[in-house]
Amino acid sequence: SSIEKMKSPDDIDLQRKAFAEFNLAFYKSLKKFGLPEGTIYYQYCPMAVGDKGAYWFSNWKEIKNPYFGEAMLGCGETSETFTY
């Protein structure tokens, strides 16, 4: 259902909230099943989703915040690193 909400072309706030929900579900799957190989970074921004905070996954250690785009591209921190 989160993926369907992310398709909403008219509501960026709904998309961001759905993206945060998806990342929490994906985190649980990754913890349980892992990945075939590689490194992935689980990153966090405390100001995302109305200052409630939200996570995302990235292939890069450098923070590239998807919640705020260029306005706050470097806002966030790596919470966990997964290496397989």
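This note sets out numbered points on the fold, the sheet, the cores and the aromatic rings of a predicted model.

1. **Overall fold.** The chain contains three helices and three strands. Read from the N terminus, these elements follow the order α-α-β-α-β-β. A student may wish to trace this order in the structure before turning to the details.

2. **Dimensions.** The C-alpha trace spans about 35 × 30 × 20 Å along its principal axes. For a compact globule of 84 residues, a radius of gyration near 12 Å would be expected, and the chain, at 13 Å, agrees with this. Buried residues account for 29% of the 84 residues. Among the contacts with a separation of 6 or more, 42% are between residues 24 or more positions apart.

3. **The sheet.** Strand E1 (residues 39–45) has two partners. E1 pairs with E3 in the antiparallel sense over six bridges, and five bridges join E1 to E2, again with the strands running antiparallel. Two positions illustrate the pairing: Ile-40 has Phe-82 in E3 as its bridge partner, while Tyr-44 stands opposite Tyr-55 in E2.

4. **The setting of strand E1.** Is this strand largely enclosed or largely open? Six of its seven residues are buried, so E1 is largely enclosed by the rest of the structure. As background, side chains in a regular strand alternate between the two faces of the sheet.

5. **The nonpolar cores.** The largest nonpolar core has eight residues, namely Ala-20, Cys-45, Ala-48, Ala-54, Trp-56, Ile-63, Tyr-67 and Cys-75. A second core, separate from it, has five residues, including Leu-30, Ile-40, Phe-57 and Phe-82. Ile-40 and Phe-82 have already been met as bridge partners, and both belong to this second core.

6. **Aromatic pairs in general.** The distance of the centres and the angle of the planes together describe a pair of aromatic rings. The structure holds 11 such pairs. Two of them are examined in the next points.

7. **A stacked pair within one helix.** Phe-22 and Phe-26 form a stacked pair, with 6.0 Å centre to centre and 5 degrees between the planes. Both residues lie in helix H2 (residues 12–33), four residues apart, which is about one turn of the helix. Phe-22 is partly exposed, with a relative accessible area of 29%. Phe-26 also counts as partly exposed, because its relative accessibility is 29% and the partly exposed range begins at 20%.

8. **A tilted pair between two strands.** Phe-57 and Phe-82 form a tilted pair: their centres are 6.4 Å apart, and the angle between the planes is 40 degrees. Which parts of the chain does this pair tie together? Phe-57 lies in strand E2 (residues 54–58) and Phe-82 in strand E3 (residues 77–83), so the pair ties together parts that are 25 residues apart in sequence. Both Phe-57 and Phe-82 are buried.

9. **The ring cluster.** Ring pairs link a cluster made up of Phe-22, Phe-26, Tyr-27, Tyr-42, Tyr-44, Tyr-55, Phe-57, Phe-82 and Tyr-84. The stacked pair of Phe-22 and Phe-26 and the tilted pair of Phe-57 and Phe-82 are therefore both parts of this cluster, as its list of members shows.

10. **A charge over a ring.** Lys-64 lies over the face of Trp-60, at 4.7 Å from the ring centre.

11. **Backbone angles in helix H3.** Two residues here deserve a careful look. Val-49, in helix H3 (residues 48–51), has a positive phi of about 50 degrees although it is not a glycine. Val-49 is partly exposed, at 26% relative accessibility. Asp-51 lies in helix H3 as well; its phi is positive too, about 65 degrees, although Asp-51 is not a glycine. Is Asp-51 buried or exposed? Asp-51 is exposed, with a relative accessible area of 59%.

12. **The N-terminal helix.** Ser-2 is found in helix H1 (residues 2–6). Ser-2 counts as buried, because its relative accessibility is 13% and the limit for burial is 20%. Leaving aside neighbours within four places in sequence, Ser-2 is in contact with Ala-18, Glu-21 and Phe-22. Phe-22 is also a member of the stacked pair in helix H2 described above.

Note on methods:
Residues numbered from 1 in each chain as written. Predicted model: local features only at pLDDT ≥ 70, side-chain atom pairs only at ≥ 80, totals over all residues. Heavy atoms only, no water. Core = buried A, V, L, I, M, F, W, Y, C linked by side-chain atoms within 4.5 Å. Buried < 20%, exposed > 50% of the residue type's maximum accessible area, 1.4 Å probe, protein only. Phe/Tyr/Trp six-rings, centres within 6.5 Å; stacked < 30°, edge-to-face > 60°. Lys NZ or Arg CZ within 6 Å of the ring centre and 35° of its normal. Pairing = 2+ DSSP bridges. Rg over C-alpha atoms; globule rule 2.2 N^0.38 Å. Contact = heavy atoms within 4.5 Å.
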